[in-house]
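Reader: I would like a close look at a single part, with its surroundings worked through in detail. Please give each cut-off where the term comes up.

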Amino acid sequence: MKRSRTAALLLMSTAPLLLTACDRSESASREGLYTSVEACVAQTNDSDTCRQAFAKAQQDAVATAPRFASREACEASYGKEQCAERSDGASHSFFGPLMTGFFLSQMMSRNGVAANGFNSAPAFRDSNGGWQRPAPGAGGVYRGGAGTAMVPVNATPNRAVTSSRSGFGTSGSSRGIGG
Amino acid sequence: MRRVSTAERPDWRAKAAACGFGFHTIDDAPYWDESAYYAFSLREIENGIEAPTEELHAMALDLVERIVGSEQHLRQLAIPEPYWDWIAQSWRERQPHLYGRMDFAYDGTGPAKLYELNYDTPTSLFEAAFFQWQWLEDQLARGQLPAGSDQFNSIYESLVEAFGTIARGIARPFHFAAVRDSAEDQGTVAYLRDCALQAGIDCGALAIEDIGISEDGRFTDLDDQVIGCLFKLYPLEDMFRESFGQYLPRSGLQLIEPPWKALLSNKGILPLLWDAHRGHPNLLPAEFDNGGELPRGSVRKPLHSREGANIAMHLDDGRELRTNGPYRDGPCIRQACHPLPAFDGHYPLIGSWVVGDRACGIGIREDSSLVTQDSARFVPHAIVEEARGVLIA
């Protein structure tokens, strides 16, 4: 037989669907990657925590960001104008990427309310658009000028403040574009 | 291969309505047309269409490697330079692709001739995969087709299987997008999304016009969620030109079809295929157009024309045909003229579907002109074995 044995439709059929809304698995913690305090608040509705998480991440960023001897070396990994000169307080200066976002994780109580306390960490974005965070366990220990090991983050941040829309679709005719 | 007039199902409009096939009639003109069907033998399907489709698909994929490494080829295909590395990277990573459609001129006798590859935004998918299938089942049940009739159409099964195969490689959230006001395009993405859901992939939908950009250059949906993967029924070359295109390479957004499909959905692939496989029975001689006078026996096509727009055809007998359209500027190719066969005054173009990497079905668009345009009707087909050889005693 050269044809499909069956041809089913889920959404397009007018027959009633027996699917219920996705059951959100009860997760005991919530983690987000946010590019600004505003984006964090929009998601969590918790401006105090977002502000504190941002401040802590920013503080940690200097200590945990990768370190480079020159701006050029840093920009090669993190992109143009994405690096700043820093100092470790002992008159050693180096270059490191700017923090481009932060992680916030919170334990959740059973009724879905965030418990007290949180963890936060800075996030950096490499020149390919990939997100990185300091390797777990890293705590601002100076490691021979190399900075902390970074690990890639697979999840894209949940939310980002949209600055504009309608930048696609201007060539489309009303009849569509299919070939 | 024959064109057979047949009785329509009396209730087909109600059936179309029940499955969301709203565009069976477009601007008061029929689009779905089941007053006739094309009958093929199994040999015509398997040797004439299926095997060449698989072979040409493999030949096309083989060319991608060569094109991404050649500045000359990228320029010939008019790929904007800022996108070269991004496209090459998408190929090196073998970013998953989903589907494509080859258009053939075929009359059941000589080899099918490849007109073009629609490898970025092919439509007429729902009608081929679902409504055509339902037509066959209904007409078999009504006794309107010879018992045992079949159809070259495992498009649905192949789509669900392909989505299942690439599911783990699809970044989330995963959205399907098409032009808001195009019923046909919206119908096509609705069907694809339906298949993805059946493969167990959670996915949403939005209009291509509603896609947003954040200050740090990532693409967002209407909830300000950063889009992980976007199935866009929207030409890559248009995205390149539009204001958000510049953000694509660094946005982290995964696209389906992936960026490397820009090399295959481009009619420039036709001369490159011809150069690499000169004399192949399923290929028509092709070259890049030098802008000069179009000689007899050749066709001029813009690199990015869709729906038969802006085609110039100079037939062997000296007649010239031209179609209008929006693709007036830009580079073109020339292809040897190989007019569509005529069946009772109708010109069928065979769209041969490739899903994943498998040839899995056909849909036929029939026009009253030699150039198949958006006015062409969709006519179903059946595999009717030995229909001609069996005498009814």
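Author: Helices and strands here are DSSP runs, helices being H or I over at least four residues and strands E over at least two, and both are numbered from the N terminus. This is a predicted model, in which local features need pLDDT of at least 70 and side-chain atom pairs count only at pLDDT 80 or more, while totals for chains, interfaces and linings use all residues. Residues are numbered from 1 along each chain as its sequence is written, and chains are lettered from A and ligands numbered from 1 in the order in which they are written.

The part chosen is helix 5 of chain B, residues 125–141. At 1.5 Å a residue, its 17 residues should span 24 Å, and the end C-alpha atoms are 24 Å apart, which agrees; the expected span is 1.5 Å times one less than the number of residues. Helix 5 of chain B nevertheless has a kink of about 30 degrees, centred on Phe131(B). The bend at a residue is the angle between axes fitted to the seven residues ending there and the seven starting there. Just after this helix, Gly143(B) takes a positive phi of about 75 degrees.

Of the 17 residues of helix 5 of chain B, 12 are buried, so the helix is largely enclosed by the rest of the structure. A residue is buried if 20 or more other C-beta atoms lie within 10 Å of its own, exposed if 12 or fewer, and partly exposed in between, with C-beta atoms placed from the backbone. The buried residues of helix 5 of chain B include Leu125(B), Phe126(B), Trp133(B), Trp135(B) and Leu136(B). Among them too are Glu127(B), Gln132(B) and Gln139(B), as well as Phe131(B), the residue at the centre of the kink.

Phe131(B) also links this helix to an earlier stretch of chain B. Ala16(B), in helix 1 (residues 12–18) of chain B, touches Phe131(B). Contact means that the C-beta atoms of two residues, placed from the backbone, lie within 7 Å. Ala16(B) and Phe131(B) are 115 residues apart in sequence, and their C-alpha atoms are 7.6 Å apart in space. Not counting residues up to four places away in sequence, Ala16(B) also touches Phe21(B), His24(B) and Trp32(B). With 18 C-beta neighbours inside 10 Å, Ala16(B) counts as partly exposed.

Helix 5 also takes part in the contact between the chains. That contact takes 65 residues from chain B and 41 residues from chain A. On the chain B side, helix 5 supplies at least two residues, as do helix 6 (155–166), helix 7 (183–198), strand 9 (212–214), helix 8 (236–241) and helix 9 (248–251). Helix 7 of chain B gives the most to this side, with nine residues. By type, the chain B side divides into 25 nonpolar, 20 polar and 20 charged residues; Ala, Val, Leu, Ile, Met, Phe, Trp, Tyr, Cys and Pro count as nonpolar, Asp, Glu, Lys and Arg as charged, and the others, Gly among them, as polar.

The partner, chain A, contains three helices and eight strands. Along its sequence they follow the pattern β-α-α-α-β-β-β-β-β-β-β. Chain A has 179 residues, and buried residues make up 35% of them. Of its contacts between residues at least 6 apart in sequence, 57% join residues at least 24 apart.

Elsewhere in chain B, another helix pairing can be described. The axes of helix 2 (residues 42–68) and helix 10 (residues 269–276) of chain B come within 10 Å and cross at roughly 100 degrees. Met59(B), Ala60(B) and Leu63(B) of helix 2 meet Ile269(B), Leu272(B), Leu273(B) and Ala276(B) of helix 10. These contact residues divide into seven nonpolar, no polar and no charged.

Some backbone details of chain B remain. A cis peptide bond joins Arg172(B) and Pro173(B), with omega about -5 degrees, and Pro173(B) lies in the loop between helix 6 and strand 7 (174–178). The bond from Ile256(B) to Glu257(B) is also cis, with omega near 0 degrees. Arg94(B), a residue other than glycine, has a positive phi near 50 degrees, and with 10 other C-beta atoms within 10 Å it is exposed.

Conventions
Axes fitted to C-alpha atoms, helices over the stretch in contact; angles between N-to-C directions.
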